[in-house]
Structures are given as structure tokens and as C-alpha cells.
Amino acid sequence: MAAVHCIVPARMGSSRFPGKPLFKLCGKEMIVRTMERAHLANCFDRIVCATDSECIAEVVSKAGFDYVITGPAATGSDRVAEAARILDLDLVVNLQGDEPLVEPSVLCRVAQELAAHPDCWVTVACPLNPAESELKTVVKVKVKDGFAVDFTRVVAPEEAPLWFQHQGIYAYSRRSRDEFSSLPQNAVELERSLEQMRIMGIRPIRMVQSQFPSISVDVPSDAQAVEALITECESKR
């Protein structure tokens, strides 16, 4: 398989959760826990944090991971594109920094799918909890024949069976990233606050189907549930 790398974008200025990457879950920073999950996948040639914060860079470095300092970025994929250009990387998995419980085997499947289909974007869908159909922090994706055909934040409860939950992972080649970052943000991307809408209809988005639910930390109230799961996982070791 061609070399695939993992870049984890992280910034301090989240509007919904300022300072989120350094928020401690069971005593360890969220960004470090996320990068440790990428390490457990054992499928990446390199794992790097892309950040505009010296504080995040210091924490990541102390934990034994590499980092690269980037400038301001409109989205995580724009930040990853800049970091990948600095590091001269081709195939990259973008693992969002608020996925401290991401399943390592899913990351491996994403890396394999990207290596096999470098002309496509690759991302992940898992089952949608119908109770979260109208929850804006849970992104939904509609899938047809293995490809994404739409993303949104809110669906009517009766339409929930037609949608999956989107997980915070993207993968793309140098060509696809540069294409994305060269495009202006469009109205749908800005309205929905979903960066993938910039490339929808321009570049195919292949879906990896996962049975593992997406458990990310979007707002402070998510942290307690995630900490409980971390404690449960660690007690089983």
C-alpha cells in the first residue's frame, strides 16, 4: 500500500468550545488522546498535529508527537492542506481533533480506501441514532451506491432512516486537497458550516461504513459521557 499519513488539525478558537483541544478527559488532553488513537491504528507512516497554537504544539510535543504550525484557516481541511504542503505529503487522513474514541480499525480502512482510490475523497458513515436527527452537532450524510450525495445537520425524525451519521474523518490526495483549498467557500458550506459541501459535486466522496458509533466532543456537555466511556475502556485493559 502507498504511504498514508495522518494529520490532526487543532485550533484554540472553537466557537462552540474554546480551548477544546487542551480540554482534559480523565486527566489527558483531548488532542493527545485523539493522536494516540491514530497511533494505535498502526497504519500511518507519520502522525502530525497541524495547529496555529504554540500551546497545543507544546502539549503535543511533550506527548511525543510531531506538529507543524500553520496560519489561520477557514476549515480543518484548509489547515490540513497547508500542513501537507509544508511537509510535502501526498495521501493524508484528516482526523479531527475531537475524536478521542475513534476506532483504530476504521482509520485503517479509510487509509486503505484512499490508497486504492486516490482520485476520491474518503470519509466515514456510521448508524444514526434517530433521537439525534434534529441535533445540529451531529452531522448527517446520505449515501447512495457507496458515495455521499448530501450532508446536513438537521433532518426530520421521519426521514432519519434514510441518513447516516457522519464521522469526523476525511482522506484525500495532494491533488484533491489542493483543488479544495483553491476553491472559495460556497453558500451551502457557509450556511451549513460543513466544509465538505465545497467539494460536493466536484470530487466523488467515497464512504467507509462503520458499525462503531461516532463519539466526538463538540460542546462541553459531551465531555462527561466521553469520560465515562474512556474510564470503561481503560478498566477493561
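Where is the place of Ser193? In this predicted model, Ser193 sits in the loop between α6 (187-192) and β11. Its phi is near 55°, a positive value in a residue other than glycine. Ser193 counts as partly exposed, because its relative accessible area is 48% and the partly exposed class runs between 20% and 50%.

A second loop residue also has a positive phi. Asn42 is not a glycine, yet its phi is positive, at about 55°. Asn42 belongs to the loop between α1 and β4. The relative accessible area of Asn42 is 72%, so this residue is exposed; the cut-off for that class is over 50%. Asn42 and Leu22 are 20 residues apart along the chain. Their C-alpha atoms are separated by 24 Å.

Helix α3 was examined from end to end. The helix covers residues 76-87, which makes 12 residues. From its first C-alpha to its last, α3 reaches 16 Å. That is close to the 16 Å expected at 1.5 Å a residue. At the start of the helix, Thr75 makes a side-chain approach to the backbone. A side-chain oxygen of Thr75 comes to within 3.4 Å of the backbone nitrogen of Ser77. At the other end, α3 is followed by Asp88. The phi of Asp88 is positive, near 60°. Within the helix, the buried residues are Ser77, Asp78, Arg79, Val80, Ala81, Ala83, Ala84 and Leu87. Charged residues are among them, including Asp78 and Arg79.

The interior was described next. The largest nonpolar core has 32 residues. Within this core, Phe44, Val110 and Ile169 have the most contacts. Many elements contribute. At least two core residues come from each of β1 (5-10), α1, β4 (47-51), α2 (54-62), β6 (92-95), α4 (104-116), β7 (121-126) and β10 (164-172). Helix α4 gives the most, with 6 residues.

Strand β10 also holds His166. The relative accessible area of His166 is 8%, under the 20% cut-off, so His166 is buried. His166 and Asp45 are 121 residues apart along the chain, and 25 Å separates their C-alpha atoms.

Helix α4 also contains Glu113. Is Glu113 buried or partly exposed? Glu113 is partly exposed, because its relative accessible area of 22% is not under the 20% cut-off for burial. Glu113 and Ala171 lie 58 residues apart along the chain. The distance between their C-alpha atoms is 8.8 Å.

Glu113 takes part in a contact with strand β11. This strand spans residues 205-209 and includes Arg206. The side chains of Arg206 and Glu113 are joined by a polar contact of 3.0 Å. A polar contact of 3.4 Å links the side chain of Arg206 to the side chain of His117. Arg206 itself is buried, since its relative accessible area of 18% falls under 20%.

The loop between β11 and α7 holds Ser210. With a relative accessible area of 1%, against a cut-off of under 20%, Ser210 is therefore buried. A polar atom of the Ser210 side chain lies 3.0 Å from the backbone nitrogen of Phe212.

Empty space was considered last. Rolling a probe the size of a water molecule over the atoms shows where such space is left. The second largest pocket has a volume of about 390 Å³. Two elements give two or more residues to its lining: α1 (30-41) and α7 (223-235). The largest share, 5 residues, comes from α7. In total, 17 residues line this pocket. Arg37, Pro100, Leu101, Ile230 and Cys233 lie nearest its centre. Which classes make up the lining of the second largest pocket? The lining has 9 nonpolar residues and 8 charged residues, with no polar residues. Helix α1 thus appears in two descriptions. It supplies at least two residues of the largest nonpolar core, and it gives two or more residues to the lining of the second largest pocket.

Methods: Residues are numbered from 1 along each chain as its sequence is written. This is a predicted model: local features need pLDDT of at least 70, side-chain atom pairs count only at pLDDT 80 or more; totals for chains, interfaces and linings use all residues. Side-chain values use heavy atoms; hydrogens and water are left out. Helices (H or I, at least four residues) and strands (E, at least two) are DSSP runs, numbered from the N terminus. The expected span of a helix is 1.5 Å times one less than its number of residues. Buried means under 20% relative accessible area, exposed over 50%, partly exposed in between (1.4 Å probe, protein chains only). A polar contact is a pair of N or O atoms within 3.5 Å; within protein, one must be able to donate a hydrogen and the other to accept it, and residues adjacent in sequence count only if both atoms are side-chain atoms. On a 1 Å grid over the protein atoms alone, a cavity is a set of points where a 1.4 Å probe fits but cannot get out, and a pocket is an open set with protein on both sides within 12 Å along at least five of seven lines; lining residues have an atom within 4 Å of a point. Grid points are joined across faces, edges and corners, and a volume is the space filled by probe spheres set on the points. A nonpolar core is a set of buried Ala, Val, Leu, Ile, Met, Phe, Trp, Tyr and Cys residues joined through side-chain atoms within 4.5 Å.
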